[in-house]
Amino acid sequence: MIMKPFQKVCVGMILLPAAFLWAQVDSTSAQPATTNSADNSANSPDTSDSRMLTPPPVSGQSYPASPSSEERSNYLRAGVVFTGAYTDNALGSLTGSPVSDVSYSVFPTLALDETTSRTHWIVKYAPGFTFYQRESSLNAANQNASIDFHYRLSPHVTFSARDNFQKTSNVFNQPDLGSAAVVSGGAQGPNLSVIAPVADQLNNSGNADITYQFARNGMVGASGTFSNLHYPNQAQVPGLYDSSSQGGSAFYSLRVSKVQYIGATYQYQRLISYPSADQNETQTHALLLFYTLYVSSKLSLSFFGGPQHSDTVEAPIGPLRFPAAQAWTPAVGGSLSWQGRLTNVALSYSHIISGGGGLTGAVKMDSANASIRQQLTRRLSGSVSGLYAQNDVLGSPLAGATKGHTMSETASLQQGFGQHVNVQLGYTRLHQDYSGVAVLAATPNTNREFVSISYQFFRPLGR
């Protein structure tokens, strides 16, 4: 059965308390407004003694992807990006042997970053078109859009929401290839580690959360998440399937010192895949403890751990019926973020039950992510990112449960020419070993070289 695209999860559990919390304004404790007063960044602790941060294990945010010297705020940016790439595995295992091809992409880009004393908006949009030199049937229009919104309802209450949408024929085709690696310190999020080589796909994910600092050193919060993956042409990805997930969580955080936070969070997930006319479904419940240490304003360390319970129901295959499977597993993880003036480092590891990301069902996943970016000279920067993920599908092997792993590395150099032109050169290596996935089994390796030329201009907002 083809999944209904972009089915959203209800996040009423987040919005319900907003009407009450709106009134919780304490004018005596309000802090002076700053340009970033609405943004509760995951690794930039407030130097004041009153305002708490939301620690990375429960914030729902990704770590910054660039050094602090490259950050901008209150701007309107527009431009165009041209990318040429060579891949030695354009069709996966569909032909039984690797097929190489050259692709060309063009992306007009538009971005808005606006900060006020109570709000912070980041909106990005990049439509585009990709065409292939040999496999013209893969030519496709692309859409990339994201929004990140923070709103301080009062000095003690903050609401934030994020949404990312991508329509593409190749997950490596993005307007900014150097920012493709996303590292998060949280225990919830879509599984992006199973990668179709070149295939039409729609990805949509988002989350919303609200936090309330009820005391000088105490905070509570709640959040809701969703993700959807859809392959419009199933013939391009034999062995991979549509999937969706919804989840919710609530947490309590205690600041035990100016730089140390501890707390607990309850998390629920509903993970669905569609390998047949029916669906496979896994529901999870987890109670996790977390600890975050802000070593400095630029460096943070976080850890989480606790029990996670899963309940899996698999779709029948003809007359074959499968009993529901229940299990207790540990959920653990850790992360590090360092954002210096010229250097940015983000690392994470997690062992959790997550969505299958295109596999036949939810998975027990071990994943490690790394992203390093260095400003080498005033206009030259380099970045390296990597991913390793082991995915073991929950359920019976008779129902198609399989296991495998993904390894991906990307290295790139970016050189600026003047204020508006940038050239980027890069290389990506992808290895996937999933014996039960036909589109990946025979040709598990992909090598991709790319060159990107962009022209952009900025217009400051406000003064």
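Of the 30 residues in the largest nonpolar core of this predicted model, Leu240, Leu359 and Val437 touch the most other members. A nonpolar core is here a set of buried Ala, Val, Leu, Ile, Met, Phe, Trp, Tyr and Cys residues joined through side-chain atoms within 4.5 Å, and buried means under 20% relative accessible area, with exposed over 50% and partly exposed in between, for a 1.4 Å probe and protein chains only. The elements that give two or more residues to this core are β7 (218-230), β10 (280-294), β14 and α4 (438-441), and β10 gives the most, with four residues. Helices (H or I, at least four residues) and strands (E, at least two) are DSSP runs, numbered from the N terminus. When residues up to four places away in sequence are not counted, Val437 touches Pro238, Gly239, Leu240 and Leu359, where contact means heavy atoms within 4.5 Å. A second, separate core of six residues includes Phe149, Phe159, Ala208 and Ile210.

The model is predicted, so that local features need pLDDT of at least 70 and side-chain atom pairs count only at pLDDT 80 or more, while totals for chains, interfaces and linings use all residues. Residues are numbered from 1 along each chain as its sequence is written, and side-chain values use heavy atoms, with hydrogens and water left out.

The strand pairings come next; two strands pair if DSSP finds at least two bridges between them. Ten of the twelve residues of strand β13 (residues 343-354) are buried, so β13 is largely enclosed by the rest of the structure. On one hand β13 pairs with β12 (residues 325-339), and these two strands form a hairpin with three residues between them; on the other hand β13 pairs with β14 (residues 363-375). A hairpin with three residues between its strands is also formed by β16 and β17, and Gly418 in that turn has a positive phi of about 70 degrees. The table lists these pairings together with that of β15 (residues 380-393) and β16 (residues 403-417), and gives one facing pair of residues for each.

| Strands | Sense | Bridges | Facing residues |
|---|---|---|---|
| β12 and β13 | antiparallel | eight bridges | Leu336 and Leu347 |
| β13 and β14 | antiparallel | twelve bridges | Asn344 and Arg373 |
| β15 and β16 | antiparallel | 13 bridges | Ser381 and Gln414 |
| β16 and β17 | antiparallel | 14 bridges | His405 and Asp433 |

Aromatic rings form a further set of contacts. Rings of Phe, Tyr and Trp (its six-membered ring) pair if their centres lie within 6.5 Å, and planes under 30 degrees apart count as stacked, over 60 as edge-to-face and the rest as tilted. By this rule the count comes to seven aromatic pairs. In one of them, the rings of Tyr75 and Phe458 have their centres 5.6 Å apart and their planes at 70 degrees, so the pair is edge-to-face. Because Tyr75 lies in strand β1 (residues 75-87) and Phe458 in strand β18 (residues 445-460), the pair ties together parts that are 383 residues apart in sequence. Tyr75 counts as buried at 9% relative accessibility, whereas Phe458 is partly exposed, with a relative accessible area of 29%. Elsewhere, Tyr104, Phe129 and Phe131 form one aromatic cluster.

Finally, Phe304 has its place in strand β11 (residues 299-313) and, at 8% relative accessibility, counts as buried. Phe304 and Val58 are 246 residues apart in sequence and 9.7 Å apart in space, C-alpha to C-alpha.
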